[in-house]
Amino acid sequence: MTAVHKTRAAAHAAGRRGAPPPDSAAAPPTPPGAAAGRPRARGRRRIAALTPWLFLAAPLALLVMFTYLPVADMIGYSFTDWDGVSPTSSGVGLENYADLVTRPARFEVFLVSGFYLAASVVQIAVALYFATVLSFDTRFRNLFKGLLFFPYLINGVAVGFVFLYFFQPGGTLDTLLRLAGMGGGHLWLGDPDLANPSLAGVSVWRFMGLNMVLFLGAIQSIPPHLYEAAQLDGANRWQQFRHIIAPSIKPVISLSFILAVSGSLAVFEIPYIMTGGANGTETFVIQTVKLAFQFDKVGLASASAVVLLVLILLITWVQRRLVPEERVELS
């Protein structure tokens, strides 16, 4: 090979080494700021994913601090014999729970909850009636809404003291009965046959407004054209309630019954203020409070509170199984 041929071969090889590959030559050039923009986009996505948790941080911290940690402490106390004052306590295992189970008298107070459960049924029925009536065009309906909801805004202690005067012998109730010619002078809170129905009646007066507002909000979410179609078909108010209102607010009614059962098991304020649990009005919660603060048995009282919590959760689970949540389509 001559020197000229060698020179041409070397130049051809150098050209092949310096040429870009076919793929890279066809690819478009990368913009100068694209490499820096990708980390920024990933950072924005991370911030967007963390934003809901930042808003939830404060309420979750408060929930854990004031709900779950106290419950955990209560469960821990239930395995001790702590009296609530001593700096030390000793573990007793399941002795507190065995004491509760082997004494049927501890659970006889649940019979008192039956009065409040019956009152809750009456309360739901009355609240549903007023919510239905006030959902239609009624004169002064906003005034009636405020009057019916007002008792729920009053403090439970104040309600207890007000009804102490209402039920005392010769008090407000006896005066109204004498004016109506029905006699008077009953021991409304002193007679064991009248005490629990009287206290349950107070709970109806106090909590009916809350259920009414729940029902009223659910009824107002029903599309108006359903009422218009029912009126064109000649349906009266009862038929509209039966075929439109009741099926549409069934989930809210189910929720009200769940709250009624759990509330009847955990009644405390009204009977504690008005009778202190005397004359057969002691509830399970009043019994638990007395165990803790009168008999200095905080460990046993904590076990009692744990049992009540388990009962409420169990009853709520059974209710949800018997009456499963249904999605109501309003169209």
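## Exercises on helix packing and aromatic pairs

Helix 9 crosses helix 12 in a right-handed sense. The model used in these exercises is predicted.

**Exercise 1.** Which orientation do helix 9 and helix 12 have to each other, and which residues meet?

*Solution.* Two packed helices are described by the angle between their axes and the distance between those axes. Helix 12 covers residues 250-265, and its axis lies 9 Å from that of helix 9, at an angle of about 165°. Angles over 145 degrees count as roughly antiparallel, and helix 9 is therefore roughly antiparallel to helix 12. Next come the residues: helix 9 brings Asn211, Leu214, Phe215 and Ala218, which meet Val252, Ile253 and Ser256 of helix 12. Sorted by class, this contact holds 5 nonpolar and 2 polar residues, with no charged ones.

**Exercise 2.** Classify the orientation of helix 6 and helix 9, give the hand of their crossing, and describe their contact.

*Solution.* Start with the geometry. Helix 6 spans residues 141-153 and helix 9 spans residues 192-220; their axes come within 6 Å and cross at roughly 130°. This angle makes the two helices oblique to each other. The hand of the crossing between helix 6 and helix 9 is left-handed. On the helix 6 side, the contact is made by Lys145, Leu148, Phe149, Pro151 and Tyr152. On the helix 9 side, the residues include Trp205, Arg206, Phe207, Met208 and Gly209. Also among them are Leu210, Met212, Val213, Leu216 and Gln220. The contact of helix 6 with helix 9 contains 11 nonpolar, 2 polar and 2 charged residues.

**Exercise 3.** How many aromatic pairs are counted, and is the pair of tyrosine 77 and tryptophan 82 stacked or tilted?

*Solution.* The count comes to 16 aromatic pairs. For tyrosine 77 and tryptophan 82, the ring centres are 4.8 Å apart and the planes stand at 35°. Planes under 30 degrees apart count as stacked, and this pair of tyrosine 77 and tryptophan 82 is tilted. Tyrosine 77 has 34% relative accessibility, so it counts as partly exposed.

**Exercise 4.** Classify the pair of phenylalanine 268 and tyrosine 272, and state the exposure of each residue.

*Solution.* The centre-to-centre distance is 4.9 Å and the angle between the planes is 25°, and the pair is stacked. Phenylalanine 268 counts as partly exposed because its relative accessibility is 27%. Tyrosine 272, at 34%, also counts as partly exposed.

**Exercise 5.** Which residues form one aromatic cluster with Trp205?

*Solution.* The cluster joins Phe163, Phe166, Phe167 and Trp188 with Trp205. Trp205 also belongs to the helix 9 side of the contact with helix 6.

Definitions and conventions. Residues numbered from 1 in each chain as written. Predicted model: local features only at pLDDT ≥ 70, side-chain atom pairs only at ≥ 80, totals over all residues. Heavy atoms only, no water. Axes fitted to C-alpha atoms, helices over the stretch in contact; angles between N-to-C directions. Helix = DSSP H or I, 4+ residues; strand = E, 2+ residues; numbered from the N terminus. Parallel < 35°, antiparallel > 145°, perpendicular 65-115°, else oblique. Left-handed = near helix turned anticlockwise from the far one by under 90°. Contact = heavy atoms within 4.5 Å. Nonpolar A, V, L, I, M, F, W, Y, C, P; charged D, E, K, R; others polar. Phe/Tyr/Trp six-rings, centres within 6.5 Å; stacked < 30°, edge-to-face > 60°. Buried < 20%, exposed > 50% of the residue type's maximum accessible area, 1.4 Å probe, protein only.
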